[in-house]
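Biologist: I should like to go through this model with you, one feature at a time. Could you show it first?

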Amino acid sequence: YLTSIVNNAAGFLYWLVILTIGGSEILGYTSTTVGLATLTTGILSFGVNRGVQRFLGKTLGQNNIQELKTYFWTTTYFLLATYTVAAIAMYTLGSLGLVFGNYKPQMFQVASILIFLGVASSFIALLITYLRTEFILVASIIGNALKFALGVTLVLLGYDWIGAALGYAMISAANLTIGLTYALKAIGPSLTFNTKHLTEVLKAGVVSWLPGIIMLTGQWLGVLAVFGFSGAVETGQYYIAFAIANLILMIAASLGTPLLPTLSGMTDGRKRMCWRILKIGLALMTPITAVLIAYPWLPTLVLGGKYPNIAPIMLVLALSTIPLAITFPITNLVYAYGNYFQVLKIGLAQNIPRIILYLTITPILGGLGTAIAYLTGSITGLTQASRIANHVGLKLNWGKIGKTLATPLTLAMIFMLLPRSLWPIGALTIIALTLAVNIKQKTLTRKDIEEIIKAVAPKQAAEKIIEKIGSILNILTAES
C-alpha cells in the first residue's frame, strides 16, 4: 500500500517536473513511450505474474521449497524469454527507421528497454509470497529517487524525452536488482523449466489477465490515440490532466485497495463493508473533485499560467472520477466473491465504448475528445457495475449517493460563475461546506470509520488508534 502511494505521488511529481522544465512536447513523447511499453508488457505477461503467486503460496505453505523454485524460475524464464523477444523486435523496428504517424523510431528503441525490464514482476511475486514487502517499498523509494536524479539530469543536459523515459526505467531496474538479490539468497538459482508447471500458472493467471488487459488498454490507448492523432504537445497536456485526475481518484481508491484481502477473507458483512468503503471514499474525494470542476484551469497556476488547453480536459476528467469511485469498490467486491466473469463484464462495459470513441472523436477534438471518451466509458462501466451489484445483493443507496454529490457539485457550479480571483475562497468554501453537510447528514459515521480501522489494523493496534482519535471522531461524526 505504501509502495502504491510512493509510486503515485512520485510519479505525479515527476511528470510535473518534466512538464515544467521540458514542456508538454517532452512529456507527450515520454508518456506515449511509457504507455507503449506498459501495454506491450501487460499483454505479453498473460497474467503469469499474478497466477504464479497462487502456486508459490501453496508450495511455501507445504514447505516444498523445491517445487516453489520450479514454479518461480519456470515463470521467470518464460517472462524473460517473452520480453526479450518482444524487446528485440521493438528495438529492430526502431532501428529500421520506420515512421508511423507521429511516432519516432527512437520511441520503439527506448520502449524496448522498458519492456525487457518487465521481467521484474516475477521477483515482486516472490517477495509478496514471502511477505517481504518491505523490499518492494525500498525498491520503490530507491527507484523513484534514481528516476528523478537520472531523468531530470538528462533532460537538463538536452536529452529531452529520451532522458525522461530512461529515468522512468529506474523503478523497474531497482525492482529487478533487489528482487533478484533476494531470490538468489532465499531460494537459490535453478535452471529448471517445467512446461506442466507453466501451463498451471498460465491457467491461473489468464483469469485476472483478460480483465486487467481491458482496463490497461482503456487507460493507455487514450494517451496513444492523442499522440497519434494530435501530436506530442497535446498528449503532454492531456497526460498531466489525466495524472491529476488519477491522483484525486486515489483518495477513494486507497480505501478499497488494502481492504481487498479483508473482503476476500470475510464470511459475512462483505457487502456492508463494501458500501462503507464506497460511501466514505466518495465523501472524501468529491470536495476535491468539485474544486477542479469549478476551477479546471487551477493546474495551470502550478505551471506558471502555461498550457490553458488543459482546462476543458481537466474538467471532463474530473467528472470521470465520480463514476469510477463508485465502480471501484463494486469491482473489488465481485473479485472477492471470485466472480471473475462479472469483473470482465464491468471492464468490457467500461472500456469498449472508450476504445471506439478514442478512434472516432479523438481525430476531431484531440485531447478533449479522448477525455470525453474516458468519461463515457466511466459512466457505462458504472451502469454495468450497478447491475452486477444488484445481482450479488449489494443494494446501492442512490439517495445517499445523490446527497453526497449534491452539495459539492452545486457549489462547484455556483463558483464556476463567479470571478476567477475568488478561487481561494471558493475552494475553501466547497471543502468546508461539503464536510459540514456530510457531518449533518451522517454520511460519515463513527461506526463506519471504526470498522474500517479494525479491518486494516491488528486488533490491539486498532483499539489503540480508535482510543487516540476518539475525540476527533466525536467532532467529525457528531456522535457521542
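Biologist: Which residues form a nonpolar patch on the surface?

Modeller: This is a predicted model, in which local features need pLDDT of at least 70, side-chain atom pairs count only at pLDDT 80 or more, and totals for chains, interfaces and linings use all residues. Residues are numbered from 1 along each chain as its sequence is written, and side-chain values use heavy atoms, with hydrogens and water left out. Patches are made of residues with over 30% relative accessible area and no salt bridge, like charges being joined within 9 Å and nonpolar side chains (Val, Leu, Ile, Met, Phe, Trp, Tyr) within 5 Å; a salt bridge is a side-chain nitrogen of Lys or Arg within 4 Å of a carboxyl oxygen of Asp or Glu. With about 330 Å² of accessible area together (Shrake-Rupley method, 1.4 Å probe, only the protein chains shown counting as cover for residues), the patch consists of Ile-414, Leu-418, Leu-422 and Ile-425.

Biologist: Is Leu-418 buried, partly exposed or exposed?

Modeller: Leu-418 sits in the loop between helix H17 (398-416) and helix H18 (423-441), helices being DSSP runs of H or I with at least four residues, and strands runs of E with at least two, numbered from the N terminus. Buried means under 20% relative accessible area, exposed over 50%, and partly exposed in between (1.4 Å probe, protein chains only). Because its relative accessibility is 37%, Leu-418 counts as partly exposed.

Biologist: What phi does Phe-46 take, just after H2?

Modeller: Most residues other than glycine have a negative phi. Phe-46, which lies in the loop between H2 and helix H3 (48-61), is not a glycine, and yet its phi is positive. The value is about 55°.

Biologist: How many of the 22 residues of H2 are buried?

Modeller: Helix H2 covers residues 24-45 and reaches 31 Å from its first C-alpha to its last, close to the 32 Å expected at 1.5 Å a residue, where the expected span is 1.5 Å times one less than the number of residues. The helix is mostly covered, and the number of buried residues is 18.

Biologist: Which residues does Lys-104 touch, beyond those up to four places away in sequence?

Modeller: Lys-104 belongs to the loop between H4 and H5, and it is partly exposed because its relative accessible area is 32%. Its C-alpha is 8.9 Å from that of Tyr-29, although the two residues are 75 apart in sequence. With contact meaning heavy atoms within 4.5 Å, the residues touched are Tyr-29 and Trp-161.

Biologist: Which residues outside four places in sequence are in contact with Thr-321?

Modeller: Thr-321 is placed in helix H14 (residues 310-337), and it counts as buried because its relative accessibility is 2%. Leaving aside neighbours within four places, its contacts are Ala-245, Leu-249, Met-285 and Thr-289.

Biologist: What is the angle between the planes of Phe-72 and Phe-123?

Modeller: The structure holds 18 aromatic pairs, in which rings of Phe, Tyr and Trp (its six-membered ring) have centres within 6.5 Å, planes under 30 degrees apart counting as stacked, over 60 as edge-to-face and the rest as tilted. Phe-72 and Phe-123 form one of them, edge-to-face at 5.4 Å centre to centre, and this pair links distant parts of the chain, from Phe-72 in helix H4 to Phe-123 in helix H6 (residues 120-129). Phe-72 is buried because its relative accessible area is 1%, and Phe-123 likewise counts as buried, at 4%. The angle between their planes is 70°.
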